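The exercises below are meant to be worked through with the sequence and the model open side by side. Please attempt each task before reading the solution that follows it.

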Amino acid sequence: MISRRLLLGLGVAAVVGGATIVYAQVYQTYDGREIDAAQAQQLAEAGQITLVDIRRPDEWADTGTGAGALPIDMRDTDFVAQLTVAVDGNRDAPIALICARGVRSARLANELSAAGFTQIINVPEGMTGWVARGLPVTQP
């Protein structure tokens, strides 16, 4: 039995007589690049990365977003479109993702790589680490 996730990853060409015919589709995979919160803040403020806070609006309200971060809720149905606009359509632009503790950002890094973004970077300590380090925050 072929899983639905695998079919989505490969792409389905047709279902003929109960048999699923699939075609291979090459996807970029997240290579595991990570930076810490201090590096993310420095690179974002220098314009060397697009730092995206992917948490929910209530989380932004609780802690603020990291200075230089663009708040885009990862649950938005048009998240990829918003991100594409943020990088002027350049899916090769370096994008760092930050969430609360690095779990959602790591998962989303894989999804964005599969969507054609080639330079995804995770901030695994998340906003928990950002705030603990005393890095600047702004209210969205």
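## Exercise 1: Helix α2 and its cover

The cover over the buried residues of α2 includes β3 (50–53) and α6 (126–132). This is a predicted model, and the tasks should be read with that in mind.

**Task.** Determine which residues of helix α2 (residues 37–45) are buried, and describe how they are arranged around the axis of α2.

**Solution.** Step 1: the buried residues of α2 are A37, A38, A40, Q41 and A44. Step 2: viewed down the axis of α2, these buried residues fall within an arc of 160 degrees, so they line one face of the helix. Step 3: the general background is that an α-helix has 3.6 residues a turn, so residues three or four places apart point the same way. Step 4: turning to the two ends, a side-chain oxygen of D36 comes to within 3.1 Å of the backbone nitrogen of A38 at the start of α2, while G47, just after α2, takes a positive phi of about 75 degrees.

## Exercise 2: The pairing of β3, β5, β6 and β7

**Task.** Work out which strands pair with β3, and then state with which strand β6 pairs over three bridges.

**Solution.** Step 1: β3 runs parallel to strand β6 (residues 95–98), and four bridges join the two. Step 2: β3 also pairs with strand β5 (residues 69–71), in the parallel sense and over three bridges. Step 3: the register can be read from individual residues, since V52 stands opposite L97 in β6, and D53 stands opposite both I98 in β6 and P71 in β5. Step 4: β6 pairs in turn with strand β7 (residues 120–122), again in the parallel sense and over three bridges, with A96 opposite I121 in β7. Step 5: β6 and β7, taken together with α5, make a right-handed β-α-β unit.

## Exercise 3: The two sides of β6

**Task.** Which residues of β6 point one way, which point the other way, and are they buried or exposed?

**Solution.** Step 1: I95 and L97 point one way from β6, whereas A96 and I98 point the other way. Step 2: all of these residues are buried. Step 3: this can be set beside the general rule that in a regular strand the side chains alternate between the two faces of the sheet.

## Exercise 4: Helix α4, T84 and D88

**Task.** Classify T84 as buried or exposed, identify the other buried residues of its helix, and do the same classification for D88.

**Solution.** Step 1: T84 lies in helix α4 (residues 79–86), and its relative accessible area of 17% is under the 20% limit, so T84 counts as buried. Step 2: with neighbours within four places in sequence left aside, T84 is in contact with G89, R91 and F117. Step 3: F79 and L83 are buried in α4 as well as T84; the three cover an arc of only 135 degrees around the axis, which puts them on the same side of α4. Step 4: the partners against which the buried residues of α4 pack are β3, β6 and α5. Step 5: D88 follows α4 and is found in the loop between α4 and β6, where its relative accessible area of 74% is over the 50% limit, so D88 counts as exposed. Step 6: the phi of D88 is near 55 degrees, a positive value in a residue other than glycine.

## Exercise 5: A106, and the chain as a whole

**Task.** Where does A106 lie, and how many residues in sequence separate A106 from G32? Then describe the chain by its elements and its contacts.

**Solution.** Step 1: A106 is placed in helix α5 (residues 103–114), and at 25% relative accessibility, A106 counts as partly exposed. Step 2: A106 and G32 are 74 residues apart in sequence, yet their C-alpha atoms are 8.3 Å apart in space. Step 3: on the scale of the chain, residues 24 or more positions apart account for 62% of the contacts with a separation of 6 or more. Step 4: the chain holds six helices and eight strands, which follow the pattern α-β-β-α-β-α-β-β-α-β-α-β-α-β along the sequence. Step 5: of the 140 residues in the chain, 38% are buried, and the accessible surface comes to about 7,700 Å², of which 54% belongs to carbon and sulfur atoms.

Methods:
Residues are numbered from 1 along each chain as its sequence is written. This is a predicted model: local features need pLDDT of at least 70, side-chain atom pairs count only at pLDDT 80 or more; totals for chains, interfaces and linings use all residues. Side-chain values use heavy atoms; hydrogens and water are left out. Buried means under 20% relative accessible area, exposed over 50%, partly exposed in between (1.4 Å probe, protein chains only). Contact means heavy atoms within 4.5 Å. Accessible areas come from the Shrake-Rupley method with a 1.4 Å probe; for residues, only the protein chains shown count as cover. The arc is that of the directions from the helix axis to the C-beta atoms. A polar contact is a pair of N or O atoms within 3.5 Å; within protein, one must be able to donate a hydrogen and the other to accept it, and residues adjacent in sequence count only if both atoms are side-chain atoms. Two strands pair if DSSP finds at least two bridges between them. A crossover is right-handed if, with the strands pointing away from the viewer, the path from the first strand over the helix to the second runs clockwise.
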